[in-house]
Every structure is written in C-alpha cells, then in structure tokens.
Amino acid sequence: MTVMLVEDDRLLAETLKHTLEQAGHSVLHLADGVRARNQLTQPDHAINLVLLDLNLPGCSGLEVLAELRRHDRDTPVLILTARGAIEDRVKGLDLGADDYLAKPFSLDELEARVRALLRRGVPQRTLEVGDLCLDALSQQLSLNGEPLGLPPREQRLLVFLMRYAGQPIDKTQLAEQAFQGDTMGNNAIEVYVHRLRKQLANSNVALRTVRGLGYVLEPE
C-alpha cells in the first residue's frame, strides 16, 4: 500500500515514515500543504491512505482535505493534529476525514488505525458492464470507448443499475434509491428505461425486463 504522509515536523515525519515502512508500506512524505494538494488533485494519484497534519505551511490540512474530497470520496484520510480544540477535529470529520489522532499518540495506536483504514480496500476506480464503463471519480460514463452524455436522471438510473449489474431491481428500489427520494411514478421510470435502451442499442449491454422482478442490466 502507498501511504502519503503530510507532516512538516521533520523528526516526527522520519519516525512515522520508518514505522510505516517497517510495516511494509511505501511512504511518500510531503512537508507542505500545497504540494500535497497538487498531488492529491491528480485523478491518478495512486495513494491508498493519507496521513494528514492540519497545521501545514502553504495551505492547511483542512484545505487539502476539502480539495481532495471534491473529486475523491474514497481514499481514506487519517488526520494527525496537535490542536486541542474539538472544533478542528469536528470540521475535519465533516469535510470527509475517516479518523483522527491527537498528538502525542503511540506508534502502536497509529499502526492499528492505519490497518483498520486500509482493510477497507483500495477504492474501485472504474465500474464496467460489457462495453459500458463508469469512472468512479469523475462520474463520467463511456460506451464502446466513447463518452456517453446523459441527462442527470437517466445517468443516475444507469449508474445505479450498473452497481447492481446482473440483479433484477424493481421500480420501488429505483424510485427510492436511484432517484434519492424524488417523486417518481412508474410511467416516468419506464420512459427513462426506454431512452436508455436506445442508447445501449448498438452495444453488448442489455437492459432487460424481468417479469415480476423489475429491470436487470447485464452484458449480452
């Protein structure tokens, strides 16, 4: 696993880097917020876990976290902070941090937190069903290698069906989950399904009706 350590305290950073490398991880150490922000805003940053100090030169850890979460909701972030104010920890969690450790902390506790976050696994970057592909970070769809532009509701419906490819999904589930509580009648769902079938007509992906069970998206 590749861990990004963003910490400007040189002695602490050396200790943490050594500890993480002894545990078998590859460690990228950055000492300022601007470099961390620039690295993490790359779509292919290839970082599996971020250890992020809040008090950084250049820009704060909270700013780094906010920028990361604008396009990447999956990469786990563990905040390391010496700040005593509970507001800073709460703000970090609200911005999308997964956990925090207040300095000083034991190395054993750090390793345990790292293991727990990495057990969640490497986030899936793409979702594929036949020739249909979803970039999980940008939420862009492509079909047969070409961008597939859809109106928002049709895209939400297709993405939801992709996540449950091969499983029949009934109209109630689609209305409640794919459309996130929007008022959606059966007729409207049928219209969106009809439009999606037209989009998928020249591909190896089929959107089928399963009598009594709903709709299923699957490769032909």
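What percentage of the 220 residues in the protein do buried residues make up? The share is 41%. This figure, like every other in this report, comes from a predicted model.

## Overall form

The protein contains eight helices and 11 strands. Its radius of gyration is 22 Å, whereas the globule rule gives 17 Å for 220 residues; the value is well over that expectation, so the protein is more spread out than a compact globule. The C-alpha trace spans about 65 × 35 × 30 Å along its principal axes.

About 11600 Å² of the protein is exposed, and carbon and sulfur atoms supply 46% of that area. Among contacts with a separation of 6 or more, 56% are accounted for by residues 24 or more positions apart.

## The largest nonpolar core

The largest nonpolar core comprises 26 residues. Those with the most contacts inside this core are L132, L141, L158, M162, L174, L207 and L217. Two or more residues are given to the core by each of the strands β6 (126-129), β7 (132-135), β8 (140-143), β10 (205-210) and β11 (214-219), and by each of the helices α6 (152-163), α7 (171-178) and α8 (186-199). The most is given by α6, which supplies six residues.

L141 offers a local view of this region. Apart from its neighbours within four places in sequence, L141 is in contact with C133, L134, E146, P147, L148, L150, Q155, L158, V159 and M162. Of these partners, L158 and M162 are also listed with L141 among the residues that have the most contacts inside the core.

## A second core

A second core, separate from the largest one, has 18 residues. Its members include V50, L54, L56 and V64.

## Helix α5 and its cover

Helix α5 covers residues 107-118. At 1.5 Å a residue, its 12 residues should span 16 Å, and the C-alpha atoms at its ends are indeed 16 Å apart, so the two values agree.

The buried residues of α5 are L110, V114, L117 and L118. They cover an arc of only 95° around the axis, which means that they lie on the same side of α5. The general geometry of such helices is relevant here: an α-helix has 3.6 residues a turn, so residues three or four places apart point the same way. The cover over the buried residues of α5 includes helix α1 (10-22) and the strands β3 (49-53), β4 (77-81) and β5 (99-102).

T15 lies in helix α1, one of the elements that cover the buried residues of α5. T15 is partly exposed, with a relative accessible area of 37%. T15 and L107 are 92 residues apart along the chain, and their C-alpha atoms are separated by 9.1 Å.

## A buried glutamate in α6

Is E154 buried or exposed? E154, a residue of helix α6, has a relative accessibility of 5% and therefore counts as buried, the cut-off being under 20%. Leaving aside neighbours within four places in sequence, the residues in contact with E154 are Y192, R195 and L196.

## Backbone features in the loops

Most residues other than glycine have a negative phi, and most peptide bonds are trans. Several loop positions in this model depart from that pattern, and they are described in turn below.

The peptide bond from K103 to P104 is cis, with omega near -5°. P104 is found in the loop that joins β5 and α5.

A46 is not a glycine, yet its phi is positive, near 60°. This residue lies in the loop between α2 (33-40) and β3 and is exposed, with a relative accessible area of 53%. I47 lies in the loop between α2 and β3 as well, but I47 is buried, at a relative accessible area of 2%. The C-alpha atoms of I47 and T81, which are 34 residues apart along the chain, are separated by 20 Å.

N144 also has a positive phi, of about 55°, although it is not a glycine. N144 is found in the loop between β8 and β9 (146-147). With a relative accessibility of 40%, N144 counts as partly exposed.

How values were computed:
Residues numbered from 1 in each chain as written. Predicted model: local features only at pLDDT ≥ 70, side-chain atom pairs only at ≥ 80, totals over all residues. Heavy atoms only, no water. Core = buried A, V, L, I, M, F, W, Y, C linked by side-chain atoms within 4.5 Å. Buried < 20%, exposed > 50% of the residue type's maximum accessible area, 1.4 Å probe, protein only. Helix = DSSP H or I, 4+ residues; strand = E, 2+ residues; numbered from the N terminus. Contact = heavy atoms within 4.5 Å. Expected span 1.5 Å × (residues − 1). Arc of directions from axis to C-beta. Rg over C-alpha atoms; globule rule 2.2 N^0.38 Å. Areas by Shrake-Rupley, 256 points an atom, 1.4 Å probe, with all protein chains shown as cover.
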